Amino acid sequence: MGEYSRFIDWDKMDSTIQDQDAKELSSTELQDLKQLARQGYWAKNHTFRAKVYHKLISDIPCRTVTPDAHVYRDIVGKIMGKRNSSSLPLPEFVDNSLVPTYCLNAEGVGAVRKIISCIASQFPDISFCPALPSVVALLLHYSRDEAECFENVCRILACNDPSKHFVDQTFLAFESSCMTFGDLVNKYCQAAHKLMVAVSEDVLEVYSDWQRWLFGELPMIYIARVFDVFLVEGYKVLYRVALALLKYFHKVRVGQTMESDNVQQDIRAFVRDIAKSVSPEKLLEKAFAIRLFSRKEIQLLQMANEKALQQKGITVKQKRQNVHLAVHAENFKSEIVDVKKMRDIWSWIPERFALCQPLLLFTTSEHGCSLSRFYSHCEGHEPTLLLIKTTTQEVCGAYLSTDWSERKRGGNKLSFFGTGECFVFRLVPEVERYEWVIIKHPELAMSGLEQGNNSSQASDAPLSSNPSSDPSDRLSPFLSARHFNLPSKAASMFMAGAIECIIIGGGDGQALYIDADLNHGRTGHCNTFNNQPLCSESFQIAIMEVWGFQDTMSS
């Protein structure tokens, strides 16, 4: 069957990949490789795919001293000793991960454990890498011998290009990637996220499984197609495919009874049987149809999540309940929402803040209906959560990303601030979250800012400068200028405060207006919230609360 067939059980392998004529790479330019990889140009010939993998991996920039095939041949005998490969214990850093066999024969299954053990001896800095068994098993299908597979995996692990990232190798990186995935689900798979919140006690636990869906549960023909693109485009592809899997899971399962009382197990089973629902080509098509943030923006979000974990002392694996805390029922008391509804709200907020507990900062029942007292109690806290209950029992609110003290930058003039992570929501009569439209439709960012500039001229309110004309220089309003030390052009318009009122909204409309006595408010149809009413057009406030985010992890 050829030089790349030593470890393969061809009875398990897709027969179509043996039949296609061999091809050659017509170009090695990145844009051409992206197109070829997405099209599956090398997916139909096993030998050709193996050669392309070797070429792509050999071009990865690596640390000066990266273990190669010669190192493997030198150390494998010492590490193995007289033990049988099937009895080799896996290193602790794989975290009891599945060791997929895919289409490997008996020799290949044993070789996976040998290679992982040798990698562990050469990479003492790896502390957490549950994806490694799958990567080794997959690449072994496209290797002439164990040493070649070892060298290819080592090059992926030793990549030193700061713009590229392939495999998480520490618990901090892994956990922050899970948080980042949860943030992306919250933005791009809202219907699926709503289902997860409804059927799962801990939605963050569900999302922590996202890498396992890819590196463990996906069948061979699917993960190989994902890997084709992954080697060219990097880590972002994994987020895309995992989001697509969740979208398909929701599409198939919405309205159905879950097969078990554990949605994690249901998703795993769905991914294992993905062939019943969608082809590899359709899965990738769905993945690349998602208008995801740029690689730079995702890296910034990942950095913010890592920073949040570090500040709370979470750098090594702990029990999940010590990492992702739900709202504690025994410590929570609100006159507007119960614990269940607060947990629903908590599932919407960025995951780096979901690590915190709610802390009541201001309530009109205790502090009175004074806007100045509202500011004094809320300033110095970022982010905050606003809850409003009207005299007609409607309940709505807003997640506000930025410290209210930012309003002072405009002097006595009304000025907008905040970031695209802000959102408003309604809890009664129905639960609904309204996102900033620019997040869902990045192409509206320019027009939104232009509208903002027009409205600012009308109100004489100072706003951030116009974005760069180079699209690659523009950053999504999802990211906070304050958190990431970005230029002011990344700032946005969502919140506004002055002595006479507060406004939550942006662009050319005002979504939620609350006057200085904190007794009256009104809403308007606003592009910011897709022309959906938040609550009654004019309303009286029965009670208003503002909640901060208390760090309980490091204490």
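Trainee: Which two strands form a hairpin with 4 residues between them?

Mentor: In this predicted model, the hairpin is formed by β2 and β3. Gln393 lies in the turn and has a positive phi of about 75 degrees.

Trainee: What makes β2 and β3 a pair?

Mentor: Two strands pair if at least two bridges are found between them. β2 (residues 384-390) is joined to β3 by 6 bridges, so the pair meets that condition. The two strands run antiparallel, and Leu386 stands opposite Ala398 in β3.

Trainee: How do you know that β3 also pairs with β5?

Mentor: The condition is again at least two bridges, and 5 bridges join β3 to β5 (residues 423-428); therefore they pair. These strands run antiparallel, with Gly397 opposite Phe425 in β5.

Trainee: Why is β3 called mostly covered?

Mentor: A residue is buried when its relative accessible area is under 20%. In β3 (residues 395-400), 6 of 6 residues are buried. Val395, Gly397 and Tyr399 point one way, whereas Cys396, Ala398 and Leu400 point the other way. In a regular strand, side chains alternate between the two faces of the sheet.

Trainee: Why is helix α7 called oblique to helix α15?

Mentor: α7 (residues 171-188) and α15 (residues 295-311) pack at an angle of about 120 degrees, and their axes are 8 Å apart. Roughly perpendicular covers 65 to 115 degrees and roughly antiparallel begins over 145; the angle of about 120 degrees fits neither, so α7 is oblique to α15.

Trainee: Which residues make this contact?

Mentor: Among them are Leu172 and Met179 of α7 and Ile298 and Leu309 of α15. The residues of the contact divide into 6 nonpolar, 6 polar and 3 charged.

Terms used: Residues are numbered from 1 along each chain as its sequence is written. This is a predicted model: local features need pLDDT of at least 70, side-chain atom pairs count only at pLDDT 80 or more; totals for chains, interfaces and linings use all residues. Side-chain values use heavy atoms; hydrogens and water are left out. Axes are lines fitted to C-alpha atoms, for helices over the stretch in contact, and angles run from 0 to 180 degrees between N-to-C directions. Angles under 35 degrees count as roughly parallel, over 145 as roughly antiparallel, 65 to 115 as roughly perpendicular and the rest as oblique. Contact means heavy atoms within 4.5 Å. Ala, Val, Leu, Ile, Met, Phe, Trp, Tyr, Cys and Pro count as nonpolar, Asp, Glu, Lys and Arg as charged, and the others, Gly among them, as polar. Buried means under 20% relative accessible area, exposed over 50%, partly exposed in between (1.4 Å probe, protein chains only).
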